[in-house]
Amino acid sequence: MNVQQGSEMVNAARRRRPLRWRYRLARLPVWLMVLGATAGMPALAAGDADLGEEIYTQRCMLCHGEEGDGMGPAAERLNPPPRDFTMAQYKIRTTRVDEIAPADADLVRMIHDGMPGTAMPGWSDVLSDADIQDLTAFLKTLAGLEEEAPGQVIDYGTQVPVSPESIAQGRELFHEDDRCSECHGQAGKGDAVKKLKDDSGYRTWPRNLTKPWTFRGSNDPRDIFARITTGIAGTQMPSFDDPDSEGRLSIEQRWHLANYVNSLEKTEKVVRPENTVIRALRLPGAVPTEPDDPLWQQALPSTFMLVPQLIAGERFFTPANDTITIRAMYSEEEIGFHLEWDDRTRSIPGEEAAEKIADPGISEDRVAIQLPVALTAGAEKPYFLHGDSRHPVNLWFWRSGSAERPAGVSLVTARGIADRDTRDAAEAGLTGKGSYQDGSWQVVLRRPLMTADLSQDLEFHEGTFIPVAFSVWDGSNSESDSAHTLTTWYWLLLKPPPGNAPWLFAGLAFVLMLLGEVWWARTAQRRQRS
Amino acid sequence: MTYQRLRVPRLAQLVLVIGGTYGGFWLIFDLWLGQPIPRSLMGMYMFFVVVGVLMVFTATEKSTGQLVGPIRALVEDPARRWLRNVVFTVVPALAALGVYLQMQPSDEPPLELRSIHPAPPSSVKIFGKRYDLMSLENPYRHLEKDDPEQFRELVAAGGEVYIRNCQYCHGDKLDGKGPYAQGLNPVPLNFQDIGTIAQLQESFLFWRIATGGPGLPKEATPWISSMPVWEDFLSEEQIWQVILYLYDYTGHRPRSWGHE
């Protein structure tokens, strides 16, 4: 569906690349419909609610519930939970706030494309357009909207094209009186200053606007304009076109805002499934110790998806963090990892501001780098989830600290999620530092390349592919112990500089081949002459 | 006269066949499917293709002659000296480039091939009991004919198990595209595909679900499979129910030993 999903390959080594144009094309018909509806055309034939109910029972009921109230058996394990259709509240709609009913095209679109960043998939690959019409008709009966005329679509005015000026104006509006930054944060990462709940009491998080692939709608300015105009029903995201509100903005202002939000995308945080190797950069000097040292930006970033630990022990289903971005560099003596992940909350137990927005039972934010204790000769690796009894892993921890103890590092040898020994980090030479700003943690962890005891720690050698994995804990999201997010195994490569050897051997190959040819031509001609 | 007929075609054919095969691979896997074949594997395929094609092209003396004729003419014919000199510098230059590129430190990670459907053990211990996988059957399967109503209930119960436990990875459309699928390697299997459960017996699924990734034999790389050990979370009945659901939703039929 979007960059976050999609791959059916079974080979362990390769995955599908995001085919953006294909995804755009797939969306085209829906766009046309949306446009059609916007223009007031009767673009959609009414579906058959009875047929829709049948499809609903087969495909949707397990999440959205038998009664359509969103209380399917998995509801408490999904965040956001499935929509309660009896409330007539739809997040992505193009009809005015004072209208009860959404446009049919809105529902059609959500069913067709799904909602990125949630469990709601797009159905266009298994349901026909007619099926989706029928479903739409049925969903409206659940909310008692079947008799309701379609709502009036919002006024888009004339679209302000994207330009540096428009973006600058949007930025100003965004920050003016903390209009949007109050919830979405100074950098737009959704770092919370207050605790938000939706109408049903579920915890919600303001969207991270630098990751538009998690938008339920899309990052198209036209779509963002519609969200700002209608708000997001059932959540704290307000409408900025509400006639009853003082915060009402003009059409032009909303276009500037839309253009600004559209400009916030951080492309280095897109997960590229084909990228499985972290390439450590060799430095002439020392590895920087500060997380915000600009030198780090020279290393290639690799972004990996964080998967909740729903595999073993005490399982965890409702993560708050979604990706982690890794950079690595090494010097003659040392290797350093730079870990960056968006986390809406800086979790410092005992600190008042942190406690206020945290879910009950706050603990420290943590991150861990996982490395095998020893490399095996064959393809075998430790079990990706914190190792196993025969193949232990080392976890290099960094934690955010609490009111009582400062932030710091620790070193743990693990043989599975339940078997951990804490070791002396200082003895192994592990050091680290973290900093939190505007909704992102940046943490640096460093260690000497060599080790005193090969039976306890891995050494880093150029040219060797070393398995590496990561785990993250968001202490404000009730994440501690086995409740956390993690990545599968990826590779770390200290890429040696190529040196002179390739030139040398290439020259040698050239000369040898040329000599061979000359000899061949000579003998052939001699043979001919004789 | 013969010279006329010999001009390039045979050699060009050879180049075309080899180049076409390579291009075909590229077109299908890289461009169309978007799943490039790893370079090392591709090298292996192409080696066999080249050897095979050479064998065909040099099968008879005549065809060998047709193939080497133009080359020999190039080397020996004084009239083509100029062309020869060009070819004789370009070929080593290309070889040198090849060596140069080959010797660059590689970014390509080691290939991890795994057997997706390894041979199951003949018997396994699950829930503290021994199961003989050769004769094990889904205890509810017969209800499909004998008591369709109860069967539907069991399928529905399996659906609940699935949506609460499996959809995160295998997807609620059972297509292997759950919300977290992309973060896992190997990716969760696609049950809609005819290459997975449609090929398998229910006893195989029972074994795979109960013992998960860690229960796999070595050739199936148990250390990277994220498939959980469901014996720890589900009852025996629930596992059989979720198996009913997998077949019911996808419309596939389980393989069976006997004749029906």
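The following exchange concerns the interface of chain B and chain A and the cysteines of a predicted model.

Visitor: What conventions apply to this model?
Guide: Residues are numbered from 1 along each chain as its sequence is written, and chains are lettered from A in the order in which they are written. Side-chain values use heavy atoms, without hydrogens and water, and in this predicted model local features need pLDDT of at least 70, side-chain atom pairs count only at pLDDT 80 or more, and totals for chains, interfaces and linings use all residues.

Visitor: How much area do chain B and chain A bury between them?
Guide: Contact, meaning heavy atoms within 4.5 Å, links 70 residues of chain B with 78 residues of chain A. Buried area is the accessible area (1.4 Å probe) that two parts lose on being put together, summed over both. Carbon and sulfur atoms carry 61% of the total, which is about 6900 Å².

Visitor: Which residue forms a salt bridge with A:K495?
Guide: A salt bridge requires a side-chain nitrogen of Lys or Arg within 4 Å of a carboxyl oxygen of Asp or Glu. The rule finds 6 across this interface. In the one involving A:K495, the closest N and O atoms are 3.1 Å apart, and the partner is B:D107.

Visitor: Why is A:C180 not in a disulfide, and which cysteine has the closest sulfur?
Guide: A disulfide is a pair of cysteine sulfur atoms within 2.5 Å, and the structure holds 0 over all chains. A:C180 counts as buried (under 20% relative accessible area, 1.4 Å probe, protein chains only), at 10% relative accessibility. Its sulfur is too far for a bond because 8.9 Å separates it from the closest cysteine sulfur, in A:C183.

Note on methods: Buried means under 20% relative accessible area, exposed over 50%, partly exposed in between (1.4 Å probe, protein chains only).
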